[in-house]
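Visitor: Good morning. Could we look at how the helices pack in this model?
Guide: Certainly; here it is.

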Amino acid sequence: MTAIQMLNTPERANERFSHIDTWVFDLDNTLYPQTADLWPKIDARITLFMMRLFGLDAISLRALQKHYYMRYGTTLRGLMVEHQVDAGHYLEYVHDIDRSCLEHNHSLAEAIAALPGRKLILTNGSRHHAIATAKQLGVDHLFEDIFDIIAADFIAKPEAAAYERFFDKLKVDPRRAALFEDLPRNLAVPHARGMTTVLVLPGAGENVEREAWEIASGDEPHIDFVTDDLVGFLEEIAARA
């Protein structure tokens, strides 16, 4: 796959990005490679949290964990709604991970810096996790703000209310914004609200374990662009700009 895989022609890329003044990035599995071990570490911590909460083994709880994740956007939201779990304790626990597998990504930093306009992070994780991870990547200084699950009042993507809170609180005009995400369903509402949407896939030849519902078919109408090379994609946008 080339840096930019378009649904149409190169002219379409110019048309869709020429007016963009706000660049919004998901964090996990988007700003860093999907083959990095950060998300598996978080996933394992979530399972361990639930084992301590319910007193059951991991095998028994994995299905419930994934059920909450699919139904509510995050396992946390499911635990809050159905079991009144304390969100602060949960977030501190599951994001207490080693990030040393990530190295400063100078190419990514330069590509983001070259984009004209605001740069924001929109994540279902915590602000602390986003800052620590972005800092490990060497890109934390490039973002004007981070909109996390707490700022969203614990309503997670892909719920429409999460995006509406984001647009309102950070004064984002979705018609002049682009969103980079690794989960196809998280692009549906933004696309409907006028955002230019980019699905970020694993790199060529990279094997990443995914749930069936997390995998794009490739022809979803809410996905404007697809790339397996985020840095190359951003460099090409900046060059066209």
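Visitor: At what angle do H2 and H3 pack?
Guide: Helix H2 (residues 38-54) and helix H3 (residues 58-72) pack at about 110°, and their axes are 9 Å apart. That makes H2 roughly perpendicular to H3, a label for angles of 65 to 115 degrees. Angles run from 0 to 180 degrees between N-to-C directions, and axes are lines fitted to C-alpha atoms, for helices over the stretch in contact. A helix here is a DSSP run of H or I with at least four residues.

Visitor: Is this model predicted, and how are residues numbered?
Guide: The model is predicted: local features need pLDDT of at least 70, side-chain atom pairs count only at pLDDT 80 or more, and totals for chains, interfaces and linings use all residues. Residues are numbered from 1 along each chain as its sequence is written, and side-chain values use heavy atoms, without hydrogens and water.

Visitor: Which residues of H2 meet H3?
Guide: Asp43, Ile46, Thr47, Met50, Met51 and Phe54 of H2 meet Ala58, Leu61, Arg62, Leu64, Gln65 and Lys66 of H3; contact means heavy atoms within 4.5 Å.

Visitor: Now H4 and H5: how far apart are their axes?
Guide: The axes of H4 (residues 75-83) and H5 (residues 87-94) are 11 Å apart, at an angle of about 150°. The two helices are therefore roughly antiparallel, the term for angles over 145 degrees.

Visitor: Which residues make that contact?
Guide: Thr75, Leu76, Leu79 and Met80 of H4, with Ala87, Tyr90 and Leu91 of H5.

Terms used
Parallel < 35°, antiparallel > 145°, perpendicular 65-115°, else oblique.
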